[in-house]
Structure formats: C-alpha cells, structure tokens
Amino acid sequence: MKIKADYANAPRWKELMVKSNLPKELECLMKVAHNMWWAWNYEARDLWRSLDEELYEEVEHNPVVLLERLTAERKQEIIADKEIMKQVKNVCKMFNDYMNVKPDTTRPSVAYFSMEYGINQVLKIYSGGLGMLAGDYLKEASDSNVNLCAVGFLYRYGYFKQSLSMDGQQIAKYEAQNFNSLPIERVLDENGQPLVISVPFVNYQVHAYVWRVNVGRIPLYLLDTDNDMNSEYDKPITHKLYGGDNENRLKQEILLGIGGVLTLKRLGIKKTLYHCNEGHAALCNLQRLCDYVEEGLTFNEAMELVRASSLYTVHTPVPAGHDYFEEPLFGKYMHLYPERLGISWDEFIGMGRQNPEDHGEKFCMSIFACNTCQEVNGVSKLHGKVSKKMFAPIWSGYYPEENHVDYVTNGVHFPTWTATEWRKLYAKYFDKSFMSDQSNEKIWQAIYNVPDEEIWSTHFALKQKLVKYIRDKFRETWLKNQGDPSRVVSLLEKINPNALIVGFCRRFATYKRAHLLFTDLDRLSKIVNDPEHPVQFLFSGKAHPADGAGQGLIKKIYEISQRPEFLGKIIFLEDYDMQLARRLVSGVDVWMNTPTRPLEASGTSGEKCEMNGVVNLSVLDGWWLEGYREGAGWALTEKRTYQNQCHQDQLDAATIYSLLENEIIPMYYNKNEKGYSEDWIKVIKNSIAKIAPHYTMKRMLDDYYDKFYNKEAARFEELAANNNQKAKDIAGWKETVAQRWDSIRVVSDETSSLETSTEADHTYELKYVIDEQGLYDAVGLELVVLHTDKNGEDHVYKVLPFENVCHEGNNYTFVLNYKPVDAGAYKCCVRMYPKNAELPHRQDFCYLKWL
C-alpha cells in the first residue's frame, strides 16, 4: 500500500519574551526607559543615542528596545567609557530628582479622559491635534506637579502609517504594536495577575486589560480589549483609533467613559474633578451617576454632585463633527441604565438630545456632556464664541452670548516641541526662573539681547537638520514607490536649505484648504522658479481613510508636485508623525495655515513654530486670531468678503501670492554680508518675544485651574460636605420649583408705559406682581433688550434685572425703572427664571418663561 503524506497540524505558538539583563551599572536606565520623561528631556535622548547610534535609529528611537538589543560586548564597552557613564549618572540623577518631588496638594486633583494621547511617536495611540494636546497636557501636569491621572486606550494598531502610490493615492497601512516592546507596564492585581476590568455591554461583559504609561509623574491608564476573554466582535474595540462603524464607535465610548471610571475605582483612585477631553468620554458621568445612586442618593442628588465636578472641553466647531447615535443602536447597549438611575428611558435618552421631547432626534454624546458637566469650554477665544452659538439650543430661552460656555486657548508643551538648539539658547540668555514662569512675557523679552547672527545660525542649523532628515528618511521610500531612481535622486538634491522653505503640514480635511496655494499654477510657478530667490513648499499630513475628499487633495498636490516646473519645489512628505512634525516646526522658515473661517477650533502646530523661530502666515482663525501681532508674522483677515466659498478661496489665494511676492520673499532675501536678512531676524525676535509666551501648555494648564478647576472643586466640596447635604438641598429645591413652575402666574402687569415707540433718556416704570405659589422668593425677572444685526440675527443689547420690592403672602412685587439711552430699533421682553444664589449659572437649572 502507498504511504500517504502526513499533513502537520497547525502549531500553537506562544509569545515568549526573553528579557535582557542589564549590568548593575546600567540598571537605572531601565526605569528611565519605561517613563516617557525621556521624550521631553533632550539629555536622555542624547544618552540613548550615545549608547549605540546605529541601533537607536534602527529601533526608531525606542529606548526599551534599544536596551533589550544592546549586545553583551557593547554593554561592557559602555561601562568602560567614562564619558558615557558620566551621562548615565547625570540622566539617572536628573530623573530621580524629578520623580522624588511630591504632588502639589494645594491644587484640586483631576481625572482626565481622552480617546488619544500624543506623547511620542514610539507609542502610537494618537492621530492628530486632539491627541497632541492631550499628550502635552499630561507632560505639563507632570512638570507642574499637579495631582492628575489619565485614562485612554492602548490601540493594537493605532492610527495608520501612510504611504503614497506612484499616482499619489494614499495607502493606509495598519501595523500591530508589540506591547512588550513599548515603554509601558502591565497593571497587576493583588495576586500578581494581569488586572482585568469587566465592563457591562448589553447582556454580557467586555474584559479589558489595563496598562500604565508613566508620563513623568503622571499615570496614564490604557484599556486593551484585544484578548481571548472577548469575542471576535469585541476584541477589535481597541484595535484602531477612529476605525470601524458607528457601533464600534459607541462601544469605544462606552469602554472609555464607563470602563475608565470602573478602572479608577478598581485601582482605588478617586479624584475631585473629571475632565472630558471631547465628547467621546461623556459616559464617564453616566457611571459616576450610577455609583452615587447605588450609594443611596436620588438621581437628582447624584446629578448635582456629578455636574459640579465635571468639565467638558469641546474641540469641534460644527455640529456635524460630534458623535450621534440612532435610538435603536443606543438602546441596544444602554437600555438597562435608566432603571439603575431611577428614571425613565425617555428621560435618560433626552439628556443627549437638543430637544428632549423630539423622539426622532439622535443621541449626541456632546449634548450629554453639556447636560452632565457644570462647565463647558472651547479651545480658543473665537471657538468659545462658536461653541456658545453651537450649543445655545440646549438652553432654550438664553441667547448664545448669555450662556456659560467659556474658552481656554490651547497651548503647546515647551520642552517637547522646542528644538534642543533653541532650548540651549533660551537657557543661555533667559532668566533662570524661565521654565517655572514660561508665560512671563518680560522673560521672553531677553530674546532682543541675543545677537542676530546667533539667532540666524540657530535657525539655519535646524533647516539643515530638516533637509538631512528628509533625505535620510525618504530616500528609500521614494525609490520604492516612485519608480524612476534618477528622478528621486534629482528631487532629493533639489531640497535646498538656502531656499525660503514654507511648510503646510496638518490633517488633510477639506476645510483646511490645502488646495489654496494651487489656485493659480502659473503664478505659483513664477514664485518657485525664481533662480535668485528660490522658494520651496513642504506638504505633509494624513486624510482619514473614509475621507475621500481629503485623499483627493493629497493626490492633487502630489500630481502637481510631479510636474517638471514643480519637481523639488513642491514636495509631499508621507506619514506625518510626531518625529517629522518636530523637524518641520523647527526647520521651515514660514508655517502656512489657510482654514475656512471659523472652522479652525484652535490649531497648535503654529504655536509650536513660535517656540522655534519659525514665523506664521495664516488666516486669522483659531489661536492666530488672538496670537497675531503686526511685525511678528503675516495674517489673512478673519472677515469674509464673499459668501460664495469659491470666490473667497480665489481672493485668499491671491492674498497669499501677493504676501509672498511683495513682502515675505523680498524680506527673506534682503540679506546682509553675513548671509541673513536683518529684517527677517526682527520678525523672528518679535514672534518669540510677543507671541510665544502666551501659547505654552504651562499657561493653558494654569488657565484651566484658574477658570474651572479651582471654582468647581470649591463648589463640589461644599455640595459634598456633611453627607452631601447641600447637594440634597439644591436637588430638593429644584424639584419643588419644577413641580410648581407651570402654576406660577402673573397677578398684575403694569408695563403698558413701554410701548412700541419710546424716547431715549426718558424713564419708564415697569411693575409685575407674581404669585410664586409658595416658593418663597425663588423667582427673578429681567428685561431682555435685543438688537438685530445686518444679517437679521438677534443679539442681546442689555439685560436689566427687576428689583423685588415687597411681597404679601405668595405675591411678590417686581419693579424696574427703565431708561433707554441709545436711539434705534430694539426688541424687548420680560423673562422670568428660577433664582438661587447656590447655582453656578442659569444654565444649571434652565427653566424660564417669557411674560
């Protein structure tokens, strides 16, 4: 008989991580490598490089892998090298001294929730500006020594790596992260086993491992569902950042909000305040409500405590940018929560609707956040105004300018984004208190004492560093993807550090108008092909894989860049990440930003440039509307000339061309015998002295404490004192007012003197008698006067309070002596509202009636 071939069964591979043993002399480095502190301390990064420069590049600057892969021979060489060992001791001492400082207990403690964190390119749990901001926030919290912890996800694939095909089509590649090789540590339970957090989903639970990232002194806890305890449907919850369908997004937000709070509870961590960085984390307040109710409080009492200790930061300037969920999908996962809270389903889902009575309206996480957080803020002054208007319908009866939505303008973490060369220059010339007093403009004025030549040599060294980085990093990629080797070599050679280099690098969303520069290709060709005044444009950025229009923009720019007249003059750099961003924000001459007004909530890349002697050319939108100073950069007006966007684009493009041709290029090339433009150095110095101090993360963190954290913590402590007595009192008062509100009536109305035609400077007495139905001085009255702008929109002109002059029984008399001052056409009406000095603002209890 013929012997049949045997087929081997599939092997069941087990992951085996063989750890490297470091000699005793180098043991301290493992602790440093597992703390992201090294990411913003150049002394540590210099040390990693000195251990083995070639290997450091090979492992893509990951110190954990670097230490694992050092050969035994190299370790002995390091120990024998006195200079390197001196570096080792210095860095370890710096780190230990930093870590041994105790948290500042005078400031309120905070739990911070975000979908992404940009800490370093080694840890791929970020995609764009939201993550950059969150990562910078944790670093500054560490440097400022505040009591803060954070919650997020450990993504298996993170955000995608970008490459371009030969025709310029974006290719998104997701690469799995090997968690064992990252600067993170697994959180263990009391038995030394991996800690598992079980989060209720429908009629089952999703199980998440917990990992900890040490961000200096700040712990960041990351949830990970990619494990065998979960089904194939739930493992991918933490696979990709902003990946999957709407149901997966809902699962992610349940895990972040509810799972995040359960994680902190399991770890025994209790903070005073809970900060939602975007609406993704809004459900953290749902879990906190459940916890209070299960402790014995009513839903309304629990809401007082949760709301008083919560802050929601919105980063989105348009309603369409928020997360919405259809009722059947939302109900599939959340239908058990109303019973836990002691409320009806309609009451529960209504907390996420602009109009709670509209059963056709989707549930919106951002609206839920607004309804469960005492404070809400935008991320720039202009975005604060936009957000007031965007959220105004939630608080019907109040006009946008009256509501409590505020702002804190974003900033950037100075040590992370300032090139080492500039940090050393600042250390040389600035006051020694600089790092602890970064927002002090007087300290930054010392930049005017730095010799122009030193400013230029610092800047030019970074331009050369950028050019070398591009040549080294992109040579292999371009040779692989772009076909003709001679064309690639020619392109690389044309990158010229002596040229005026303009950068446009950001997420490729259509509102950012990356296409603007290409409106008039003939005019652009003349600009970039002047042999006496060469100009080069560097573009970089990713489009979301589902954003066809954004990907189309990338393809269009790539196609233009391949035309003979633009080859080497217009360059697209693939795979924009933190490492490339650091090179760009310090290595170009001009940073260009052209968003459609007012859709740039803040933007922070231009702020990073300010720290590095790179000047901005931008539309007055987001942070630049506040930041721009004449003589310290260039601005396109924030005012629209045309309602037609196409016409506005053409005008803005023409303005950019004109600024380049008539101001920027002539100034840059007006060079002295030392090879630099003195006028250009003036602009650099002005931008550093007048703009940079106002856009540090230190200033931003301090603003959050001064505007929100301190007052919320003080109020929360009052409400929670004596077994939550004040929270119970306020909840009881609100319940009583709500029950009697519709029966409150006007007994008499003496306002006929205020007719449609009144005279300026004449006083009119308005009088109401209101039956308060036993509420005891719980009602306020005010005259609201509106004016209508040229676009037909109403705005509050004045709000004048009535005085409660007397009462008999339940009848309260209110009087206002109204004296119009400015002649003109106005609208006016009297507004009645619940009055209680214990409320933080009117929107906290948004009952009102127009009389």
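Which residues are linked with K734 and D844 in a network of salt bridges? In this predicted model, the network is made up of E304, R307, K734 and D844.

## Overall form

The protein has 851 residues, and its radius of gyration of 30 Å agrees with the value near 29 Å that a compact globule with this number of residues would have. Along the principal axes, the C-alpha trace spans about 95 × 80 × 65 Å. The secondary structure comes to 28 helices and 28 strands.

Buried residues account for 57% of the 851 residues. When contacts between residues at least 6 apart in sequence are considered, 72% of them join residues at least 24 apart.

## Salt bridges

The structure holds 46 salt bridges, and three of them are described here in terms of where their partners sit. As a general point, side chains of opposite charge can pair when their charged atoms come close. One case lies within a single helix: K93 forms a salt bridge with D97, with 2.7 Å between the closest N and O atoms. Because the two residues are four apart in helix α6 (residues 82–99), about one helical turn separates K93 from D97. K93 is exposed, at a relative accessible area of 52%, whereas D97 is partly exposed, at 41% relative accessibility.

A second case belongs to the network named at the start: D844 forms a salt bridge with K734, and their closest N and O atoms are 2.7 Å apart. This pair links distant parts of the chain, 110 residues apart, since D844 is in the loop between β27 (827–834) and β28 (849–850) while K734 is in helix α28 (residues 697–740). D844 counts as buried because its relative accessibility is 6%, under the 20% limit for that class, and K734 also counts as buried, at 8%.

In the third case, a salt bridge joins the side chains of R831 and E782, at 2.8 Å from N to O. Here too the pair links distant parts of the chain, with R831 in strand β27 and E782 in strand β23 (residues 779–788), 49 residues apart. Both R831 and E782 are buried.

## Nonpolar cores

In soluble globular proteins, nonpolar side chains tend to be buried together. The largest nonpolar core in this model has 170 residues, of which W48, L51, L220, L286 and M334 touch the most other members. Helix α28 gives the most to this core, contributing 14 residues.

L286 offers a specific view of the packing: leaving aside neighbours within four places in sequence, L286 is in contact with I258, M334, Y337, L341, F348 and F368. A second core, separate from the largest one, has 96 residues and includes M132, I447, L466 and I557.

## The parallel sheet

Strands of a sheet pair through backbone hydrogen bonds, either parallel or antiparallel. One open sheet has six strands with parallel pairing, in the order β17-β16-β15-β18-β19-β20. The edges are held by β17 (570–573) and β20 (634–636), each of which has a single partner strand, so one side of each is left without a neighbour in the sheet. From one strand to the next, the twist averages 20 degrees.

Within this sheet, strand β15 (residues 500–505) pairs with strand β16 (residues 535–540) in the parallel sense over six bridges, and L500 stands opposite V535 in β16. Helix α27 (residues 678–690) lies across β15, β18 (590–593), β19 (615–619) and β20, and the helix runs at about 75 degrees to β19.

## The antiparallel sheet

Another open sheet has four strands with antiparallel pairing, in the order β21-β22-β26-β25. β21 (745–750) and β25 (803–808) stand at the edges with a single partner strand each, so one side of each lacks a neighbour in the sheet. The twist in this sheet averages 20 degrees from one strand to the next.

At one of these edges, β25 runs antiparallel to strand β26 (residues 811–818), and the two are joined by five bridges. One position can be located in the structure through E803, whose bridge partner in β26 is V815.

How values were computed. Residues are numbered from 1 along each chain as its sequence is written. This is a predicted model: local features need pLDDT of at least 70, side-chain atom pairs count only at pLDDT 80 or more; totals for chains, interfaces and linings use all residues. Side-chain values use heavy atoms; hydrogens and water are left out. A salt bridge is a side-chain nitrogen of Lys or Arg within 4 Å of a carboxyl oxygen of Asp or Glu. Buried means under 20% relative accessible area, exposed over 50%, partly exposed in between (1.4 Å probe, protein chains only). A nonpolar core is a set of buried Ala, Val, Leu, Ile, Met, Phe, Trp, Tyr and Cys residues joined through side-chain atoms within 4.5 Å. Contact means heavy atoms within 4.5 Å. Two strands pair if DSSP finds at least two bridges between them. Axes are lines fitted to C-alpha atoms, for helices over the stretch in contact, and angles run from 0 to 180 degrees between N-to-C directions. The radius of gyration is taken over C-alpha atoms; the globule rule is 2.2 Å times the number of residues to the power 0.38.
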